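Reader: I would like to learn how to read cores and disulfides in a model. Can we work through one case?

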Amino acid sequence: MPLPSPRRRHRRSVRLILASLLLTSLSGVAAAVTMPTAATAAAATATFTDDFNGSAGSSIDLSKWHPETGDNVNNHEREYYTSGTHNAALDGQGHLVITARRDNPGNYNCWYGSCQYTSARFSTAGTFTQAYGHFETRMKLPKGQGMWPAFWMLGNDIGSVGWPNSGEIDIMENVGFEPGTVHGSLHGPGYSGSNGIGAGYTLPGGQNFYDAFHTFAVDWAPNSVKFSVDGNVYETRTPADTQGNRWVFDHPFYLIMNLAVGGYWPGDPNGSTVFPQELVVDYVHVTTGDSGTGSGTGRITGYGGKCVDVAGASSANGTAVQLYDCNGTAAQNWTVASDKSLQALGKCMDVASAGTANGSLVQLYDCNGSGAQKWQAGANGSLVNPQSGRCLDATGVSSANGTRLQIWDCSGGANQQWNLPS
């Protein structure tokens, strides 16, 4: 969990991390290490996917995630991280719910005495690591003073070189006293703890991250880490930012997600904090390569070999985007822009009313840089709108002329597979 504020001391409990790695090595589980090659660099390929599908009350997939248990004196956090389903379980609707509770059913002892709170923390140490690629989650954050949710990564060599030499990438951190702001940071030798390299992203219009789901991601390439929220890149870091210190983001890292309670940075809960609080995780997806939609201008083909088309070749706001026989007209000539928008007739492919629900229709609209106009390559040739976490979809699994395009849960179906111009 990075440190954008000089008020905050650091560090997480390396003891817990090393214990997790030790247990993994004793169990004989081999880590899946993915390094980019010439063959994989050309296209993004899904390497880790968890959509948290399962029956309500069931456990997280323990073949993918390991619970990390115990307290954390280094950050002066107040929670005790438990295993089992008391603090983390699937909700039966495609989500993992990590719940912070004000309780102590196991009579746990923390650094300050009898523990006052319980929560959960999971990592992929020993099951999945990767260097470079697109790392993304869609979450709805908890609310209240003292809450500290995070989605982050640690170098897989932490057991041999220690922290911060292993490196740390904090994809998302939020503290309860800043409900509309998240932080992204890097930590390494000479730039760790309160000296971490980071920045914040604040939602527009006074929105709060606990009101709705949002997508948090990094695009990590050699000598570059880009942080984004809902497809909006707000921070790019390179070796120049380390001011001569060693850039350590050149080897595999593993994933961590947790909900802490209290600590140096967020401060402790107070009388205004309502328990329980939930960190709701919709998915975690990792791909190799750049998750962007590519570059170029030309037609986008999809289901039945039809083209993505602007109805009536009209550039009016709200014009339907549909499937139609490929005819080479300007209504089917799309530009893949550097800001991850798709443009035709001088306007952008847009999710109507910035909708995030299944069935939200896709239209043409003035380009405005919003999350409703961002698209990125997903698994199986899909195009994902990161704001909603849903895929561009031909309605009714139809390839008939005039079939409207919409967003829908990503299924890998043929009606969600698209070929972009190159």
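Author: We take the nonpolar cores, then the disulfides. Keep in mind that this is a predicted model.

Reader: Which residues touch the most other members of the largest nonpolar core?

Author: Start with the general idea. In soluble globular proteins, nonpolar side chains tend to be buried together. Here, the largest nonpolar core has 51 residues. Ile169, Trp220, Leu255 and Met257 touch the most other members. Strand β20, residues 253–261, supplies the largest share of this core, with five residues.

Reader: What is Leu255 in contact with, leaving aside its neighbours within four places in sequence?

Author: The aromatic contacts include Phe48, Trp65, Phe122, Phe128, Phe135, Phe151 and Trp152. Leu255 is also in contact with Ser123, Thr124, Met153, Val284 and Val286.

Reader: Which residues does the second core include?

Author: Met349, Val362, Leu364 and Ala372 are among them. This core is separate and has 22 residues.

Reader: Now the disulfides. How many does a search of the whole structure find?

Author: The search finds four. Count the bonded cysteines along the chain, and the pattern reads 1-2, 3-4, 5-6, 7-8.

Reader: How do I read a single link, say Cys307 and Cys326?

Author: Check distance, torsion, placement and exposure in turn. The sulfur atoms of Cys307 and Cys326 are 2.1 Å apart. The torsion about their S-S bond is about 100°, so this disulfide is right-handed. Cys307 sits in strand β23 (residues 307–310), and Cys326 in the loop between β24 (321–324) and β25 (334–336). The pair therefore ties together parts that are 19 residues apart in sequence.

Reader: Are Cys307 and Cys326 buried or partly exposed?

Author: Buried means under 20% relative accessible area. Cys307 is at 0%, so it counts as buried. Cys326 has 30% and is partly exposed.

Reader: Where do Cys348 and Cys367 lie?

Author: Cys348 is in strand β27 (residues 347–351). Cys367 is in the loop between β28 (362–365) and β29 (376–377). The two are 19 residues apart. Their S to S distance is 2.1 Å, and the link is right-handed, with 100° about the S-S bond. Cys348 is buried at 1%, whereas Cys367 is partly exposed at 38%.

Reader: What parts does the pair Cys391 and Cys410 tie together?

Author: Cys391 lies in strand β31 (residues 390–394), and Cys410 in the segment after β32 (405–408). Those parts are 19 residues apart in sequence. A disulfide joins the two cysteines, S to S 2.1 Å. The torsion is about 100°, so the disulfide is right-handed. Cys391 is buried, at 0% relative accessible area. Cys410 is partly exposed, at 41%.

Notes. Residues numbered from 1 in each chain as written. Predicted model: local features only at pLDDT ≥ 70, side-chain atom pairs only at ≥ 80, totals over all residues. Heavy atoms only, no water. Core = buried A, V, L, I, M, F, W, Y, C linked by side-chain atoms within 4.5 Å. Buried < 20%, exposed > 50% of the residue type's maximum accessible area, 1.4 Å probe, protein only. Helix = DSSP H or I, 4+ residues; strand = E, 2+ residues; numbered from the N terminus. Contact = heavy atoms within 4.5 Å. Disulfide = S-S within 2.5 Å.
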